[in-house]
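Me: I am new to this structure and would like to go through it step by step. Could we take it as a series of questions, with the reasoning given each time?

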Amino acid sequence: MVKIHERKFVSADPEKCVGCQICEYICSWTKEKGFNPLKSRIRVVRVNQLANMAVTCRRCEDPPCVAACPRDALKQSDETGTIILDSDKCNGCGWCIEACDYGAIMLHPETKVVHVCDLCKDEGEPQCIKWCPEEALTLVTSDVLAQKARITAVKKLFQEARKKK
Amino acid sequence: MHGYAGKVLYVELNTGKTRIEPLNMDYAKKYVGGIGLGMRLWLDNSKAGVDPLSPENPLVLAIGPISGTIFPTAGNGHAFVAKSPATLGISEAVAHGTFGSEMKRAGYDAVILKGKAEKPVYLWIDDDSVQLLDAAHLLGKSPSETEDVIKEDLEDYYVRVAAIGLAGEKLSRIACIINEKTRAAGRTGLGAVMGSKNLKAIAVRGTHDIVPAKPDEFMDMVIEFHERMKGPATRKYRTLGTAENVLVHNSLYCMPTRNYNNSHFEEAEKVSGEILNERFVAKIIGCSSCAMRCEHEVVVPEGPYKGTMTRMEYETLWAMGPYCGIDRLDAIIKGMELANYYGMDAISAGVIVGFAMDCYENGILSKKDLGGIEANFGNSEALLQLLEKMGKREGIGDILADGVRSAGEKIGKGAEKLAQHIKGLEVTGYDLRCLKTAALGFAVSFRGADHNRHGAYAFDVKGKVDRLKAEKGRGNMVRDMENLYALIDSFIVCKFSRGTYYKGLSDMAKLFTLVTGIEITSKELDKSGARIITLARLINIREGLGRKDDTLPWKVMNVPIPDEGPVQGAVVKQKELDLLLDDYYVSRGWTLKGVPTKTTLKELGMEGLLKIVRGKQEA
């Protein structure tokens with residue numbers, strides 16, 4: 001079983017994300033052969049012009065979406081951490097959507113069952129990462145994210161220290 | 001159907017009735033979409049001589065065939081078309097963002113707004129469900145505030161909104177229509193047309209898939225263009241942005257300064273794109289499906305305007321900066337924010353302030369006339385105070401809010417000569433006295449003084465021609481660029497991506513075919529460009545415009561550039577303008593009065609519109 005430290009997911013760097021929605025377009029194209037953000041498993045949020053970020057499934061430990069499903073339609077893959085849907089069991093009740101802290105599991109506008117990022121398992125690699133023109137999306141583990149944040153914080157500290165000199 | 005949604009939505013604002021008609025595919029093939037299709041539909045739905053601010057002037061919203069796809073920049077544009085209250089001719093204004101692609105997913109190629117609502121409303125298009133909702137609670141709000149309230153009302157963050165501000169409600173002839181807070185269908189006062197219909201905003205949600213006709217080849221082309229978008233063709237927009245022009249234009253002495261009193265700003269270094277980026281740009285963001293991103297978001301970090309956030313481009317920076325003699329970027333940014341807040345075209349707004357300052361310095365407007373403002377060039381407080389007055393139509397702002405042509409006529413005492421406009425639309429940041437290809441492009445532009453109808457300045461600025469010379473051949477150059485720009489605004493793709501079409505029209509033809517499935521050659525596409533420009537010409541003739549209106553601002557023709565430097569003494573003489581106009585009309589197949597001939601109309605497949613110019617075609 002894949003440990004939480006090794007579990008990979010798509011993360012957007014808010015410094016780099018420009019809110020262009022190419023990830024949404026390529027996701028819906030990859031999954032459904034149509035351009036339609038509503039069918040994308042990754043969604044862009046622009047809180048204001050300065051705050052842009054794409055959000056998708058974080059593959060949580062003990063995922064609340066799985067726990068919330070009253071019909072056992074969701075389970076988490078032991079191997080990868082991916083949330084797997086049994087679409088025959090899902091009736092679109094939305095409990096998983098309510099349980100998810102990230103809004104990363106969504107109701108499909110036509111099939112009326114939920115959909116969620118599977119890291120493009122059929123394509124070999126997440127297409128959003130491949131297509132993002134800003135290289136804002138990366139496949140990371142939480143350890144990698146923590147490392148990045150530490151390095152950024154320390155760099156900033158030293159830059160400021162240099163400025164003060 | 002691919003590319004096109006196949007539907008045109010008609011909304012009768014006075015009754016709230018709506019109906020859907022199939023898109024006329026003959027129009028689609030001939031006029032493409034966007035401004036071309038929009039103008040053709042406007043013509044069918046209007047009568048000659050219509051008052052632009054009357055219910056009889058329909059406001060057309062048109063989307064292009066490429067909209068809603070992943071093609072770089074092509075998902076995201078929309079065009080408004082109507083008779084302009086500023087120019088009294090046909091007009092269009094294009095904006096980008098995400099609004100256009102949402103409208104396409106809602107299933108419409110165009111929306112035609114007719115009549116006038118009894119009380120303030122906003123239009124809510126939710127796929128097939130179309131409603132007029134009460135807008136009383138939105139009155140007086142900025143476009144940005146309006147957008148936020150509508151999203152809350154409709155309980156959907158992803159609803160896209162285009163709205164007018166107070167300027168549009170008060171029928172200012174420089175009012176614009178703003179979507180997503182910073183993207184404006186800016187020029188020619190179409191916000192006033194919307195306001196005259198008691199229509200505060202348009203909100204849209206679209207849920208349909210967009211699928212190109214030839215998906216595999218289309219995706220191959222997208223991959224190629226994604227690479228091109230990262231290359232040299234878009235470098236400027238990705239780095240300094242259009243504000244790079246400040247120092248470029250200044251070094252060429254082609255940056256109109258202090259209401260065209262100079263062509264060079266001695267303080268340009270203080271308001272350069274370089275300084276803007278270094279001190280104020282906080283983030284560069286992109287429109288839907290862009291692949292390049294260009295929108296420079298600025299934040300004032302300190303001082304009296306601390307916290308001000310807006311988008312900044314060359315034109316608006318120039319208009320509120322050098323054109324008013326102002327060298328403070330923080331105040332210019334504040335001015336830009338005010339223009340967006342009230343929903344005014346920031347180019348025209350800045351040019352109007354420059355005009356008012358010129359009037360003040362020449363004793364035509366007194367401190368009393370200006371409500372106590374000492375409007376000397378360079379006074380940044382005066383800029384902001386005058387913008388506030390224009391936004392609210394208070395005091396002198398009431399006169400200024402209708403643009404320099406109207407203000408010049410009302411003020412009199414020689415103010416008309418200080419009003420730098422063409423066909424009633426304020427000038428933009430290119431000194432036409434020393435850019436003579438651009439001068440022709442500006443003179444013949446169907447929507448008045450504007451660089452965005454032709455981009456002909458590029459020949460002059462890049463040194464491809466002698467920019468001080470008026471000579472034969474410029475007509476062809478302007479014609480070809482006009483055709484291209486008309487197509488760009490009809491597809492709709494972004495002009496900032498124009499350089500990525502390495503093979504020009506044949507790249508565009510390929511894109512059109514892959515998306516729509518309709519075969520077209522680059523030659524046929526060029527013809528569509530010519531047809532769109534000719535259509536605009538025909539409508540303008542119907543509305544009473546002609547060669548006499550293809551002219552230049554008074555100072556461009558009467559006040560030689562005084563600044564010592566490479567272009568001192570440059571001016572455009574009537575004789576030069578006549579030569580350029582003749583050359584252009586001939587290249588278009590129009591008479592020397594600027595009227596399309598029967599032969600030309602036949603060649604373009606526009607025989608049906610011959611009646612507009614019958615009896616006017618003698619040379």
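Me: Into which domains is chain B divided?
Reply: The model is a predicted one, and what follows should be read with that in mind. Following chain B along its numbering, one meets domain 1 at 7-205, then domain 2 at 242-426, and the division ends with domain 3 at 432-612.

Me: How many residues of domain 3 of chain B are in contact with domain 2 of chain B?
Reply: The C-alpha centres of domain 2 and domain 3 of chain B lie 26 Å apart. On the side of domain 2 of chain B, 17 residues take part in the contact, and they meet domain 3 of chain B through a number of its residues that comes to 25.

Me: Which strands of chain B each supply at least two residues of the side of domain 2 that touches domain 3?
Reply: The residues on this side of domain 2 of chain B divide by class into 8 nonpolar, 6 polar and 3 charged. The strands of chain B that each give at least two residues to this side are β16 (421-422) and β17 (425-426).

Me: How are α12(B) and α14(B) oriented to each other, roughly parallel or roughly antiparallel?
Reply: Two packed helices are described by the angle between their axes and the distance between the axes. For helix α12 (residues 329-342) and helix α14 (residues 380-392) of chain B, the axes are 10 Å apart and the packing angle is about 0 degrees. Angles under 35 degrees count as roughly parallel, and therefore the description that applies to α12(B) and α14(B) is roughly parallel.

Me: How many nonpolar residues does the contact of α12(B) with α14(B) have?
Reply: Among the residues that α12(B) brings to this contact are L338(B), A339(B) and Y342(B), while those of α14(B) include L383(B), L384(B) and L387(B). By class, the contact of α12(B) with α14(B) has 2 charged residues and 3 polar ones, and its nonpolar residues number 8.

Me: From which element does the largest share of the side of chain B that touches chain A come?
Reply: The contact between the chains takes 18 residues from chain A and 27 residues from chain B. Two or more residues of the chain B side come from α7 (215-229) and likewise from β13 (281-285) of chain B. The largest share of that side amounts to 4 residues, and the element that gives it is β13(B).

Me: Which strands are the edge strands of the open sheet with the order β13-β14-β15 in chain B?
Reply: This open sheet of chain B has 3 strands, and their pairing is antiparallel. An edge strand pairs on one side only, and in this sheet of chain B that description fits β13 and β15 (309-311).

Me: Which residue in β15(B) stands opposite E297(B)?
Reply: Strand β14 (residues 295-299) of chain B runs antiparallel to β15(B), and 3 bridges join the two. Across this pairing, the residue of β15(B) that stands opposite E297(B) is R311(B).

Me: What is the radius of gyration of chain B?
Reply: Chain B has 25 helices and 17 strands. For its 619 residues the globule rule gives 25 Å, and the radius of gyration of chain B is close to that, so chain B is as compact as a globular protein of that length, with a value of 23 Å.

Me: Which residue does a cis peptide bond join to F491(B)?
Reply: The omega of this bond is about -15 degrees. The partner of F491(B) is found in the loop between α20 (474-491) and α21 (505-516) of chain B, and that partner is I492(B).

Methods: Residues numbered from 1 in each chain as written. Chains lettered and ligands numbered in written order. Predicted model: local features only at pLDDT ≥ 70, side-chain atom pairs only at ≥ 80, totals over all residues. Domains from an automatic or database assignment. Contact = placed C-beta atoms within 7 Å. Nonpolar A, V, L, I, M, F, W, Y, C, P; charged D, E, K, R; others polar. Axes fitted to C-alpha atoms, helices over the stretch in contact; angles between N-to-C directions. Parallel < 35°, antiparallel > 145°, perpendicular 65-115°, else oblique. Pairing = 2+ DSSP bridges. Rg over C-alpha atoms; globule rule 2.2 N^0.38 Å.
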